[in-house]
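Open the model in a viewer and keep the sequence panel beside it. The tour below goes from the whole chain to single residues, one selection at a time.

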Amino acid sequence: MGETTAEKSSADLMVDLIISLDGYASAEGWPGWWGLEGPEYLAWLEQEGEKDYTFLMGANTYRLMSGMSEEAAAEGSGFSDEEGAALTGLDAVPKVVFSSTLQAPLTWPNSELVTGDAVEAVMEMKRTRTGTLSTLGSLSLSRSLLTAGLVDRFRLVVFPVITGRTGRERIYDGYPDVSLQMVDSRTFDGRLQLLEYIPTVLSGPPGSGRTPEP
């Protein structure tokens, strides 16, 4: 899964999401991370930030996250020290933004704009780059890359809340059927669950005799 040719990819692609238990990316009126971030989770985020990642995102996520990073760098931003460090730390991370509406040069440091087809661009990036390509938010981009069979790892951090009334941004709408092989799991702060899988896109239900999508 994740190899588009007989030649092994140089870079791995990971879809990386935070979700409520009922599959939402956020909830109206709730704070970031649903107010449940803790020291273990924040320390893990800091460690992850030191790895060789290139973040992939769409225009909406770029506008949101670059604005938050700029706000966090300002005095009296209202972010906690940990939140501010996580946001401003994104400045130094390589970022690729897929958009037909934004214009170069992008103002967020270390951001590269790609105006062409995202699936084709990521396929080429997997072949020619090293390290890990990781989505940052960008639900429609993540869905497209998974459907195209490009995703090597599907990683979730599940927050123990159900936001049936206030939930926003349903994550799995429009997804194909996908089987998931768990390769890692851990618990942060006694309440947040990290789950990491190898995904395989299915052309039919298990046992139907159909083979997985290539």
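What follows is a set of stops on a predicted model, each with something to select and a note on what is there.

**Whole chain**

Start with the full chain in cartoon view. DSSP gives five helices and 10 strands. Along the principal axes, the C-alpha atoms fill a box of roughly 60 × 40 × 30 Å. The radius of gyration is 17 Å, which agrees with the value near 17 Å that a compact globule of 214 residues would have.

Now colour by relative accessible area. Of the 214 residues, 42% are buried. If you draw contacts between residues at least 6 apart in sequence, 71% of them join residues at least 24 apart.

**Helices H2 and H3**

Two packed helices are described by the angle between their axes and the distance between the axes. Select residues 59-73, which form helix H2, and residues 81-88, which form helix H3. Their axes come within 8 Å and cross at roughly 125°. An angle of that size lies outside the ranges for parallel, perpendicular and antiparallel, so H2 and H3 are oblique to each other. The crossing of H2 and H3 is left-handed.

Show side chains at this crossing. On the H2 side, pick Met65, Met68, Ser69, Ala72 and Ala73; they meet Gly84, Leu87 and Thr88 of H3. By class, this contact between H2 and H3 has five nonpolar residues, three polar ones and no charged ones.

Stay on H2 and select Thr61, which is also in this helix. Is Thr61 buried or exposed? Its relative accessible area is 13%, under the 20% cut-off, so Thr61 is buried. Leaving out residues up to four places away in sequence, Thr61 touches Ser66, Leu136, Gly137 and Ser138.

**Helices H4 and H5**

Next, select residues 118-128 for helix H4 and residues 139-147 for helix H5. The two pack at an angle of about 65°, and their axes are 10 Å apart. H4 is therefore roughly perpendicular to H5. The crossing of H4 and H5 is right-handed.

Which residues make the contact? H4 supplies Ala118, Val119 and Val122, while H5 supplies Leu141, Ser144 and Leu145. The residues of this contact between H4 and H5 divide into five nonpolar, one polar and no charged.

**The loop between E4 and E5**

Move to the loop that runs between strand E4 (95-98) and E5, and select Pro105 within it. The peptide bond joining Ala104 and Pro105 is cis, with omega about 0°.

In the loop between E4 and E5, select Asn110 as well. Asn110 has a positive phi, near 60°, in a residue other than glycine. With a relative accessibility of 47%, Asn110 counts as partly exposed.

Continue to Leu113, which is in strand E5 (residues 111-114). The relative accessible area of Leu113 is 21%, so Leu113 is partly exposed. Setting aside neighbours within four places in sequence, the contacts of Leu113 are Val97, Ser99, Leu102, Gln103, Ala104 and Leu106. Ala104, in that list, is the residue joined to Pro105 by the cis bond.

To relate this stop to H2, draw a C-alpha to C-alpha distance from Leu113 to Met65: the two are 15 Å apart in space and 48 residues apart in sequence.

**Trp34**

Select the loop between strand E2 (24-27) and helix H1 (39-49), where Trp34 is placed. Trp34 has a positive phi of about 55° although it is not a glycine. Its relative accessibility is 5%, so Trp34 counts as buried.

**Strand E10 and Tyr197**

For the last stop, select strand E10 (residues 192-201) and centre on Tyr197. Tyr197 counts as buried, at 13% relative accessibility.

How many residues apart in sequence are Tyr197 and Arg153? They are 44 residues apart, yet the C-alpha to C-alpha distance is 5.7 Å. Arg153 is one of the contacts of Tyr197 outside four places in sequence. The others are Asp152, Phe154, Leu180, Gln181, Met182 and Val183.

How values were computed
Residues numbered from 1 in each chain as written. Predicted model: local features only at pLDDT ≥ 70, side-chain atom pairs only at ≥ 80, totals over all residues. Heavy atoms only, no water. Axes fitted to C-alpha atoms, helices over the stretch in contact; angles between N-to-C directions. Helix = DSSP H or I, 4+ residues; strand = E, 2+ residues; numbered from the N terminus. Parallel < 35°, antiparallel > 145°, perpendicular 65-115°, else oblique. Left-handed = near helix turned anticlockwise from the far one by under 90°. Contact = heavy atoms within 4.5 Å. Nonpolar A, V, L, I, M, F, W, Y, C, P; charged D, E, K, R; others polar. Rg over C-alpha atoms; globule rule 2.2 N^0.38 Å. Buried < 20%, exposed > 50% of the residue type's maximum accessible area, 1.4 Å probe, protein only.
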